[in-house]
Amino acid sequence: MFWKKAPKWKNKPVTIDGVRFASQGEADRFHQLKLLERAGQIEKLQRQVRFSLVWDDVHICDYIADATYFEHGRFVVEDFKGALTPDGELKLKMMRACHRIDVRLIDKRGRLWSVFSDPRPKRRKRKKALVG
């Protein structure tokens with residue numbers, strides 16, 4: 001008997017108009033980017049663009065970005081992240097070292113952040129219940 005493997009980070013892959021996305025959040029963000037492209041705010045939108053990460057003529061790995069586009073003449077690489085893994089953080093640092101590209105990260109609340117400017121979005125601290 002074959003079992004379907006559960007996604008590692010509890011994301012639910014979705015297919016919209018025959019296009020498969022790793023999560024609903026990624027699909028929603030790509031839809032937002034398509035609207036921005038139609039409005040003329042961004043140009044040359046592409047999805048699932050592969051970057052080869054090579055250092056000293058040694059191929060280390062590949063990084064696949066969720067989307068790339070041009071915004072006001074600047075090349076932008078963007079990735080939707082529900083959770084940033086240590087492997088993902090390393091690939092983002094390698095993108096900066098190998099290609100001099102800082103990847104824009106968008107979280108599930110739509111917040112823009114970067115591994116280099118602020119490590120992770122701050123979580124609100126919960127108030128501890130007084131036991132009395």
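# Notebook: cavity, cores and two backbone angles

I began with the lining of the largest cavity, which is made up of Glu-26, Arg-29, Phe-30, Leu-33, Asp-66, Ala-67, Glu-78, Asp-79 and Phe-80. I note at the outset that this is a predicted model, and my entries should be read as a description of that model.

**Entry on the cavity.** I searched the whole structure for cavities of 30 Å³ or more and found 1; the space in the largest cavity comes to about 60 Å³. I then asked which elements supply the lining, and found that helix 1 (24-38), strand 4 (58-71) and strand 5 (74-80) each give at least two residues to it, with helix 1 providing the largest share, 4 residues. Sorting the lining residues by character, I counted 4 nonpolar and 5 charged, with no polar ones.

**Entry on Arg-29.** From the lining I picked out Arg-29, which has its place in helix 1. Is Arg-29 buried or exposed? I looked up its relative accessible area, which is 17%, and because the limit for buried is under 20%, Arg-29 counts as buried. I next looked for a partner for its side chain and found a polar contact between the side chains of Arg-29 and Glu-78, at 2.6 Å; Glu-78 is itself listed in the cavity lining. Setting aside residues up to four places away in sequence, I find that Arg-29 touches Tyr-69, Glu-78, Phe-80 and Ile-106.

**Entry on the chain as a whole.** I stepped back to the secondary structure, which comes to 2 helices and 7 strands, and which runs along the sequence in the pattern β-β-α-β-β-β-α-β-β. Of the 132 residues in the protein chain, 31% are buried. I also looked at contacts between residues at least 6 apart in sequence, and 42% of these join residues at least 24 apart.

**Entry on the nonpolar cores.** In soluble globular proteins, nonpolar side chains tend to be buried together, and I looked for such groups here. The largest nonpolar core has 14 residues, among which Phe-51, Leu-53, Tyr-63, Val-77, Leu-92, Met-95 and Val-103 touch the most other members. Strand 3, strand 4 and helix 2 (86-99) are the elements that give two or more residues to this core. A second core, separate from it, has 10 residues, including Val-14, Phe-30, Leu-33 and Tyr-69; of these, I had already met Phe-30 and Leu-33 in the lining of the largest cavity, and Tyr-69 among the residues that Arg-29 touches.

**Entry on Thr-68.** In strand 4 I looked up Thr-68, which counts as buried, with a relative accessibility of 2%. Leaving aside neighbours within four places in sequence, I list its contacts as Lys-44, Leu-45, Gln-46, Val-49, Phe-51, Phe-75, Val-76 and Val-77; Phe-51 and Val-77 in this list also appear among the members of the largest nonpolar core.

**Entry on positive phi.** Most residues other than glycine have a negative phi, and I therefore noted the exceptions that I came across. Gln-48, which is found in strand 3 (residues 43-55), has a positive phi near 55 degrees, and at 36% relative accessibility I record Gln-48 as partly exposed. His-72 also has a positive phi, of about 55 degrees, although it is not a glycine. Where does His-72 lie? I place His-72 in the loop between strand 4 and strand 5, where, at 75% relative accessibility, His-72 counts as exposed.

Conventions. Residues are numbered from 1 along each chain as its sequence is written. This is a predicted model: local features need pLDDT of at least 70, side-chain atom pairs count only at pLDDT 80 or more; totals for chains, interfaces and linings use all residues. Side-chain values use heavy atoms; hydrogens and water are left out. On a 1 Å grid over the protein atoms alone, a cavity is a set of points where a 1.4 Å probe fits but cannot get out, and a pocket is an open set with protein on both sides within 12 Å along at least five of seven lines; lining residues have an atom within 4 Å of a point. Grid points are joined across faces, edges and corners, and a volume is the space filled by probe spheres set on the points. Ala, Val, Leu, Ile, Met, Phe, Trp, Tyr, Cys and Pro count as nonpolar, Asp, Glu, Lys and Arg as charged, and the others, Gly among them, as polar. Buried means under 20% relative accessible area, exposed over 50%, partly exposed in between (1.4 Å probe, protein chains only). A polar contact is a pair of N or O atoms within 3.5 Å; within protein, one must be able to donate a hydrogen and the other to accept it, and residues adjacent in sequence count only if both atoms are side-chain atoms. Contact means heavy atoms within 4.5 Å. A nonpolar core is a set of buried Ala, Val, Leu, Ile, Met, Phe, Trp, Tyr and Cys residues joined through side-chain atoms within 4.5 Å.
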